[in-house]
Amino acid sequence: MTPRINARDREALRVLPRLMQRKVDGALRGSVEDLRDVVGSLNQLKGVTQLLLPVFHAQLEAYPVPDRISPDVVPVIMLAKWSLGGIVQICHNLGNNISLGERIVHDAVASKWDLLFPWMQFFSNNFLPPSQRPAALPPGLSVSTYEALRITIHPLSTVCQFTVAGRQMMRMNPTVQAFFFRAWVIVDGLKSNDVADPLREGDKNLSALIRANMCSLSVICMEDTPASLPVSIIASAAGGIFPMATLALRYIRRMTKEVSNMPEPQSRARENVDFSSMTVCATGLAQAILFMQSLGDREGGCQELLLQIGSIRTVLSAVTTLWERLLTPAWNSSDNEPDIGLAARRRVLYIAYRYIGYSMNCANDSALVISQAIQHGLLECLLRTGSSRAERVDNTKRFDDDHDIQLLKELPRFFVFSKVLRVLHPALQRLDRVGLQERASQDPVLWEVWQAVDSAARTFTNFHELPEGAPFYRYQCCSPKCSLDFSEDDVTAYRCSGCMLTRYCSKVCQKDAWESGHRIHCRMLRSALGNQDVREIRKSLPVIAMIESWICEERVNEIRALDKDTVKTSPDDRSIVEVDLSVYPIELNMYSLREYFLVCGSHTFEREVAESITASEDSPYDVVAVKVRLGKDYYSLFSPATALGIAFGWTSGIRGGRYIHDHPRTPDT
């Protein structure tokens, strides 16, 4: 079948130079050489290239998509290759011209999608590894890996960039999604030499730009998509959930490496190719992090798996490696341009911080997330990446949009957990050695927040290092008649299934402890854990108790004022002060006992335990409750200080808001 175009389209071609008209006529008669020359001349035909779209569409429409590669279909494949290449080149020349691009891309790609997509699938299946093509191609057939990538992925990228219909198709069409994610897997495995463009020899940024494009498309696919659909499709393309998670991390590492290996731009302006490539690839890195977060956020996703295989370390490594390059100012007008300026480059770091914040609020073991983040330099990154004098920052809006400030403000609520405190103290020592005050103080909002965070960190790490902060019940027999110590991880120790806290070296000791008073203390200790068996709360209970004691001593006047305003339903109703460690600064709330259990419902300790406590006459409250948060869950604990004191004779050593014991510091156990 000979390609045909209608009379109106043929008439429009008369504005082309005569030589080009003859080449078009030859292409319509099936000449591969003439069609190649037409495509090669597109960059010289400014303003009229869209007139050639009917020619390219006619070529694709004239011949059926082959079932396989054979000598008799070589001309058809080559005509399709150059036709798709011509459409891609016309769209590529649009740049970021949205107003013009929407119309042309609609005509070139969106309206002809049913025509283009089967050919895109053909080139993907036959010319991208692992392909179905024969070991030796028939004479006259030449399609490189780069050309196959370009004509299969670029139409999809363009239609998503310029049209709403394209983005909707990417989000909702499982066939298109499966096609794209097959390419996503393939591109990850390609080396720089595999995607070399014969017309752009020496362009070392090409593979990075292709990966950046894949990262952007992957995010579009995950936006507003039914929860179960994309994860299953991606996992199928990748070969399973674990390979999918590994690939998502590898894209982040690759993009980090690509940006760090790019030559330092001679000038930070849009016209500089190195600078433009760097900003495009940095944006691709941000998209790769967003995509990873989307994978974890969906039903059937893999958030916990990503954390297990190093997502926090990977993201912070990207920030550590690239922050200086991204935030180096040009000291000219380009610093304020919306797509390449400092604010645009800073968004890459903010997306990294947003992922850490998301993980810390959603992970099953959020204390582990924060401890890993601190271990891998989170505090150093936050202080280094504050805004500089070159940036036009509205300090009044820093809290609204900036994920570094949001993340920094949320950190102290994790400083009550031993797992975090163990790594926090060395991190503070590193900060003292490095000396980041001068850099961080350039950002007044960041510096103000950090000073409050630093104060809390040093106070709570001090508590953790004191003897009273150690979880003594985890490594010694809790029978009053036994003094045996054992390893914290000793699996032979017996743990009380009631309070879930005390451990014993033998059944005999467990029975002795029960008869010696544990039968009374058991419910109280269980209430101190919020009636939940949460490992991190169990290990951190003495530290939480010390913070509780410190707050109640330090802010006793505030508690007295709250007590005066508390409305009690009857003269014998009691007051309960809640120390809310789930927020920072730490908040105090006062309730009547009846009101507290109405508010908390079943998500708290037993009321009978609270009613069994008798406070001193001069105390402004009768009972203390402590609120903590791990991940998405909140826990209301009966006063850990009271429970540990009654059950074990434990004391915090804090009086008048100060530590008064003269014990030497002991290492963390």
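Ala, Val, Leu, Ile, Met, Phe, Trp, Tyr, Cys and Pro count here as nonpolar, Asp, Glu, Lys and Arg as charged, and the others, Gly among them, as polar. By that scheme, the lining of the second largest pocket in this predicted model holds 12 nonpolar, nine polar and six charged residues.

**The second largest pocket**

The volume of this second largest pocket is about 690 Å³. Its lining is made up of 27 residues, and those that lie nearest the centre are S549, C552, E553, Y621 and T642. Several helices and strands take part: α26 (535–554), α27 (556–565), β5, α30 (640–648) and β7 (654–655) each give at least two residues to the lining of the second largest pocket. The largest share comes from α26, with four residues.

**Helix α28**

Strand β5 also appears in the surroundings of another element, helix α28. The buried residues of this helix, which spans residues 593–600, are L593, Y596, F597 and C600. Viewed down the axis of α28, these buried residues fall within an arc of 90°, so they line one face of the helix. L598 and V599, on the other side of α28, are exposed.

What do the buried residues of α28 pack against? Their partners are the strands β3 (575–580), β4 (587–592), β5 (623–630) and β6 (633–638), together with the helix α29 (607–611).

**Backbone details in three loops**

The loop between β3 and β4 contains P585. The peptide bond that leads from Y584 to P585 is cis, and its omega is near 0°.

Two further residues have a positive phi although neither is a glycine. They are set out below.

| Residue | Phi | Loop |
|---|---|---|
| M500 | near 65° | between β1 (494–495) and β2 (503–504) |
| N531 | about 60° | between α25 (507–528) and α26 |

Is M500 buried or exposed? M500 has a relative accessible area of 8%, and buried means under 20%, so M500 counts as buried. The loop that holds N531 leads to α26, the helix with the largest share of the lining of the second largest pocket.

**Summary of the parts**

The second largest pocket draws on α26, α27, β5, α30 and β7, each with at least two lining residues. Strand β5 is also among the elements that the buried residues of α28 pack against. Strands β3 and β4 are packed against by those buried residues of α28 as well, and the loop between these two strands is where P585 lies.

Terms used:
Residues numbered from 1 in each chain as written. Predicted model: local features only at pLDDT ≥ 70, side-chain atom pairs only at ≥ 80, totals over all residues. Heavy atoms only, no water. Buried < 20%, exposed > 50% of the residue type's maximum accessible area, 1.4 Å probe, protein only. Arc of directions from axis to C-beta. Contact = heavy atoms within 4.5 Å. 1 Å grid on protein atoms, 1.4 Å probe; cavity = no way out; pocket = protein on both sides within 12 Å on 5 of 7 lines; lining within 4 Å. Points joined across faces, edges and corners; volume = space filled by probe spheres on them.
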